[in-house]
Amino acid sequence: MTTTAPTPTQFPLAFALTPSTDARAEAEREAILADPGFGKHFTDHMVQIEWTLADGWHNAEVIPYGKISLDPAASVFHYAQEIFEGLKAYRHADGGIYTFRPEMNAQRLQRSAVRLALPELSTADFIESLRQLVAVDGSWVPDAPETSLYLRPFEISTESFLGVRSAQKVGYFVIASPAGTYFAGGVSPVNIWLSTEYNRAGRGGMGAAKTGGNYASSLLPQELAYEKGCAQVLFLDSQEGKYIEELGGMNLFLVYRDGTLVTPESDSILAGITRDSIMQLARDRGHNVEIRQVSIEEWKAGSESGDIVEAFACGTAAVIAPVAQLRSEHFTLGAAGAPAGELTMSLRQELTDIQYGRLPDKHGWLTRLA
Ligand SMILES: *Cc1c(COP(=O)(O)O)cnc(C)c1O
C-alpha cells in the first residue's frame with residue numbers, strides 16, 4: 001500500500017462558486033462604471049485559495065466579496081509576509097475580455113513568493129483564478145475607451161503564531177476593481193522628486209519582489225515629494241547613492257537624441273511587465289535599447305547637453321507617465337509643464353492599442369479570459 005499522498009499543487013485546482021446574494025443591481029454597477037476612479041470600487045466576488053504545509057493549495061473558491069477574518073496573531077500583521085500582483089482585464093470590440101501577459105505576472109508572483117518564503121502558486125492556477133473571477137464578474141469590465149478592470153491577486157501568511165519563521169498557513173486572494181482613465185483629462189506629464197535621503201530597497205533585500213513592505217518604505221519619501229509638487233519619487237541605489245533605480249511603483253526610461261532607450265539595471269528594482277513590453281516594441285521599431293546602470297550624473301549631463309530628450313515612467317496602472325521635471329534639493333531637470341515626449345506618447349499608443357485589441361497581437365501577449 002502506498003503511503004504517498006498526492007500533492008494537490010501538482011494538479012490544476014477545481015474552483016467552487018458561491019454566488020453573492022447581494023450583488024449590486026445593474027443601475028448601481030453602471031453608475032460606478034461611468035466614473036470608477038482607481039481602486040475605489042470592488043466587484044461582487046473574490047477568489048480565495050488556502051494553503052497549508054500539510055495539504056498544499058486547496059479549497060479554491062469564488063466567494064462573495066467581503067471581509068477576511070484573521071486572528072490578531074496572524075503573522076502577516078506582524079512580519080509582513082505579503083506579496084501581490086497587478087494586471088488588467090480589457091474589453092475588446094469583439095465582446096471578449098482579455099488580459100495582458102498574465103504568465104509574466106504568475107512567474108513574478110512565484111519569484112516574489114520565493115523571496116518572501118511563501119508557497120508558489122502554479123502559473124495555470126494563477127491564470128485560472130483570473131478566469132474564474134472574470135467569469136462571474138465580467139459585467140464589471142467597463143467598455144469606455146482606456147478603461148479596464150484592475151485585477152489584484154495577493155498572498156498573505158494567515159497562521160496565528162508570533163514565532164519568527166515562514167508561515168505554515170497562507171491565503172491567496174484575487175479582488176478586482178474597475179479602473180477609469182488614470183490621468184483625468186488626458187495623459188499629462190508628471191514631476192518627480194529625487195530622494196537622496198531614503199532608499200526603497202537595498203542589496204540582498206526585497207527590491208525585486210512585489211511586496212507591500214517596499215511600498216511602506218516608499219510612503220514617507222512620497223509624502224515629501226508631494227510637498228515639493230511632485231507626484232512620484234525617484235530612488236537611487238542604496239550602496240553608492242549614485243545610480244537611478246525606479247519610482248515607488250513604476251519603472252523608468254530615458255530617451256536619447258539618437259533614439260536609444262535606456263532603463264536601469266539593478267538587482268533591487270521590480271522587473272515591470274510594462275517595461276519589458278516597451279523594450280520589445282522599441283526594438284521592433286529598430287531602436288537601440290539598453291538595460292544598464294545609469295547614474296544620476298548621466299541624466300543631469302544628458303539633460304543639460306540635450307542628449308537626453310525624453311523621460312517616462314511605466315507600470316500597469318498608468319501604462320506610461322511622461323516625466324516633465326526631475327526635481328531635487330540641488331537641481332531641476334526639464335522645464336515646468338514640458339509636453340509629453342513624442343516617442344513616449346507613440347509607444348504608449350502602440351502598447352494600449354495592442355492591449356485593447358486595436359492592433360494585431362503579434363507577440364502573443366493577450367490571453368482571453370471570457
Ligand atoms: C508593479 C511595479 C512596477 C510596474 O510593474 P508592471 O508589471 O509594469 O505593472 C514597477 N515598480 C514597482 C516597485 C512595482 O511594484
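Trainee: What makes 11 residue pairs count as polar contacts between domain 1 and domain 2?

Mentor: Each of the 11 pairs, both residues at pLDDT 80 or more, fits the rule: a pair of N or O atoms within 3.5 Å, where, within protein, one must be able to donate a hydrogen and the other to accept it, and residues adjacent in sequence count only if both atoms are side-chain atoms. This is a predicted model, where local features need pLDDT of at least 70, side-chain atom pairs count only at pLDDT 80 or more, and totals for chains, interfaces and linings use all residues. Residues are numbered from 1 along each chain as its sequence is written, and side-chain values use heavy atoms, with hydrogens and water left out.

Trainee: Why is the meeting of Arg101 and Asp276 called a salt bridge?

Mentor: Their side chains come to 2.9 Å, N to O. A salt bridge needs a side-chain nitrogen of Lys or Arg within 4 Å of a carboxyl oxygen of Asp or Glu, so this pair qualifies. The count between the two domains is one salt bridge.

Trainee: Which domains are these, and where do they run?

Mentor: Domain 1 covers 16-179 and domain 2 covers 190-354, with bounds from an automatic or database domain assignment. Each gives 20 residues to the contact, meaning heavy atoms within 4.5 Å.

Trainee: What makes about 1600 Å² the buried area here?

Mentor: Buried area is the accessible area (1.4 Å probe) that two parts lose on being put together, summed over both. For domain 1 and domain 2 that comes to about 1600 Å², 58% of it on carbon and sulfur atoms.
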